[in-house]
Structure formats: structure tokens, C-alpha cells
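Take a walk through this predicted model. Keep the sequence and the 3D view side by side as you read.

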Amino acid sequence: MPELPEVETVRRGLAPVMEGARIARALINRPDLRWPFPPDMSARLTGAKVERLRRRSKYLLADLDRGESLLIHLGMSGRMLVSGDPLGRFVHAHPAAEKHDHVVLDMDNGARITFNDPRRFGAMDLLPTTGAEAHPLLAKLGPEPLGNEFSQSHLVEALRGRNTPIKSALLDQRIVAGLGNIYVCEALFRAGIAPTRKAGHIAEARVAGLVPIIRDVLSEAIDAGGSSLRDFRQADGELGYFQHSFDVYGREGDACRREGCNGQIRRIVQAGRSSFYCRQCQR
DNA sequence: CTTAAATCCTGGTGGC
DNA sequence: TGCCACCAGGATTTAA
């Protein structure tokens with residue numbers, strides 16, 4: 001499921017074919033995803049030039065030359081497929097339309113971008129480019145984990161006094177934006193912190209240590225091209241491979257990978273989500 | 001205020 | 001072979 005690294009991978013795949021190109025045709029196949037599309041979305045997109053494709057947390061923002069930006073969220077099963085790209089890097093001819101192809105953007109450079117999302121937890125909206133950060137979906141987001149605002153002091157202060165498990169706190173997008181279930185599990189493993197530990201009861205030095213670990217986990221995943229668990233695919237339609245290097249996620253019952261540890265990975269459920277961890281290594 | 005639980009959705013899986 | 005229960009989970013909404 002697309003977390004920050006996967007969304008960044010999609011952005012990097014889409015940017016070369018979208019930036020500087022105009023949307024020649026916008027096909028909207030249904031009235032909504034998770035929420036209704038904005039009024040006249042097709043008309044507001046048609047003819048617009050994409051100046052820049054940005055990312056904020058797990059959201060993509062395509063800045064148009066009309067003062068509006070297209071916000072895109074992949075939800076948990078959303079995919080962006082590119083075909084017919086004039087740069088010749090992606091898949092060649094346009095494939096036949098598939099079930100759950102909800103939005104199709106034909107660019108004036110010949111590229112076609114298809115948004116496919118079986119579970120429809122994704123979203124699209126149009127918002128003013130100026131002040132985009134005030135959009136309801138963006139306004140309460142915490143700092144970017146790979147940016148300077150995500151500091152050790154920020155995390156320590158954000159978790160102080162919190163009675164919720166550290167696992168849930170790191171999934172809270174107001175504390176840090178972009179982490180999902182996979183990378184929270186992986187970061188806690190590397191930090192040696194049990195997911196059940198109350199966020200406000202962890203020694204400050206250990207909390208501070210989470211900051212560079214979170215950065216490393218996300219950076220490595222981006223470098224690996226994002227993961228491709230289940231139905232997620234990279235923007236170019238190829239499956240990724242980062243899932244092979246998870247230490248704990250999805251490894252219930254398997255041996256802990258830490259050298260010298262003979263523990264096995266456990267799965268517990270917190271707030272309705274699976275947490276994977278090693279009881280020997282994480283306290 | 002904080003925290004927990006319910007909600008949305010479809011495809012895949014396992015049990016019988 | 002089919003039917004059904006269950007699970008995956010990001011972000012919001014509702015409840016406590």
C-alpha cells in the first residue's frame with residue numbers, strides 16, 4: 001500500500017511525462033472515489049498545462065497553469081499507469097481499459113496516465129495552488145519526515161505525555177506525515193522499541209534516535225523504488241522489489257534477522273492494524 | 001482535550 | 001464448485 005516512499009516513486013515516474021505537458025483530454029469514468037470529484041473536473045483539467053508535480057506526505061499535487069492544483073491520493077490500492085510515453089521509457093502502446101480505471105489523462109505529448117483503484121480509498125480534488133496547504137486534507141499534517149522540520153526536538157515534544165502506543169502515535173499524520181503501517185513497523189524494529197510501548201513513556205534519547213532511523217528507512221525504500229506489496233505497482237507498470245528487504249512486516253513466525261537473535265517475528269493487532277515485531281529485540 | 005472504535009471499498013483467501 | 005466470513009488499511013467520523 002502506498003506510503004511515502006511509494007508515492008515519491010510514483011511522482012518520480014510521472015514527473016517526466018507530466019511536467020511541461022498539457023492535458024489534452026480528461027476522462028472521468030465515475031462521479032467519485034472516496035469523495036465526490038469537484039464540479040466540472042474534466043473541463044477544469046482539459047487544456048491545462050502541468051507546471052510541476054509535487055508530493056506532500058502521501059499526496060501528489062499537480063500544479064496547473066490556471067492557478068489550480070490537482071490533488072491525488074492513492075488510498076491503499078490506487079495505481080498510476082503510464083502508457084504511450086514519448087520518451088520511450090515506459091510501456092509503449094495504450095493497453096485496453098481495465099476494470100477500476102477511474103480517471104484517464106491523455107497528455108498532449110502522447111502519454112496516457114491511468115488512475116486505477118479497485119478499493120476506491122483514493123481521492124482527487126482541485127484546489128487553489130496558492131494556499132494549497134490549507135486544504136482540509138493537508139492542513140493538519142505534521143512535518144515531512146525527510147525535511148528539516150522533522151527534528152529530534154519536534155518528535156520528543158510531540159510524543160510527550162502521550163498515552164497511546166508508539167505504533168499508533170507514529171501512524172498519526174499530525175505528528176509526522178507519510179508513515180504507514182509498513183514503515184512504522186520497520187522503524188520500530190531498527191530502533192529496538194516495542195510497538196506497544198506508550199509514546200510518552202519512552203526515554204527521550206530513544207525517541208530522538210527514531211528520527212534518523214525513520215529517515216533511513218524511508219530513504220532506503222525510495223532508493224529501492226518503493227515497495228510493491230499486493231496490488232501496488234510503480235508508475236511505469238513494473239513491480240518493485242523493496243518488500244524483499246523488510247525485516248519484520250509480513251514476516252510473522254519467521255526468524256528475526258538481527259544477528260545473534262534467536263527470536264521469531266510476532267504479529268499483534270493494535271487499533272485494528274497488524275503490528276510485526278521481535279520481542280527479543282524490541283522493548 | 002485524548003483515545004478508541006466504526007466506517008468506507010473490493011479482491012483474495014481459507015474453511016466447509 | 002460455490003458460499004461465506006474474514007482480512008488488508010488511510011483517513012475521516014463518531015463515540016466514549
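Start with helix 6, where the buried residues are I182, Y183, V184, C185, E186, A187, L188, F189, R190 and A191. That makes 10 buried residues out of the 11 in helix 6, so the helix is mostly covered, given that a residue counts as buried when 20 or more other C-beta atoms lie within 10 Å of its own. What does the covering? Helix 5 (166-171), helix 7 (204-223) and strand 10 (273-278) are among the elements that cover the buried residues of helix 6. Just after helix 6 comes G192. The phi of G192 is positive, near 70 degrees.

Now widen the view to the nonpolar core. The largest one holds 71 residues. Within it, C185, L188, V248 and Y277 touch the most other members. Helix 6 (residues 181-191) supplies the largest share of this core, 8 residues. Where does the core lie? Domain 1 (4-139) and domain 2 (152-278) both contribute residues, so the core lies between them.

Look at Y277 in particular. Neighbours within four places in sequence are left aside here. Y277 then contacts C185, L188 and F189, and also A194 and P195. Its other contacts are V248, I265, R266 and Q282.

Step back to the domains. The domain assignment splits chain A into domain 1 (4-139) and domain 2 (152-278). Their C-alpha centres lie 28 Å apart. UniProt, in an unreviewed entry, also lists residues 247-283 as "domain: FPG-type". The span 247-283 is 0% helix and 32% strand. Its end C-alpha atoms lie 16 Å apart.

Next, turn to the DNA. Which residues surround DNA strand B? They are K99, P118, R119, R120, F121, R162, N163, T164, S168 and A271. By type, the residues of this surface divide into 3 nonpolar, 3 polar and 4 charged.

End at a loop. E98 sits between strand 5 (79-83) and strand 6 (101-107). Is E98 buried or exposed? E98 has 10 C-beta neighbours inside 10 Å, so E98 counts as exposed. For a sense of distance, compare E98 with V217. The two are 119 residues apart in sequence. In space, 34 Å separates them, C-alpha to C-alpha.

How values were computed. Residues are numbered from 1 along each chain as its sequence is written. Chains are lettered from A and ligands numbered from 1 in the order in which they are written. This is a predicted model: local features need pLDDT of at least 70, side-chain atom pairs count only at pLDDT 80 or more; totals for chains, interfaces and linings use all residues. UniProt positions are given in the numbering used here, feature names are shortened, and annotations may be inferred rather than shown by experiment. Helices (H or I, at least four residues) and strands (E, at least two) are DSSP runs, numbered from the N terminus. A residue is near a molecule or strand if its C-beta atom, placed from the backbone, lies within 6 Å of it. Ala, Val, Leu, Ile, Met, Phe, Trp, Tyr, Cys and Pro count as nonpolar, Asp, Glu, Lys and Arg as charged, and the others, Gly among them, as polar. Domain bounds come from an automatic or database domain assignment. A nonpolar core is a set of buried Ala, Val, Leu, Ile, Met, Phe, Trp, Tyr and Cys residues joined through C-beta atoms within 7 Å. A residue is buried if 20 or more other C-beta atoms lie within 10 Å of its own, exposed if 12 or fewer, and partly exposed in between; C-beta atoms are placed from the backbone. Two residues are in contact if their C-beta atoms, placed from the backbone, lie within 7 Å.
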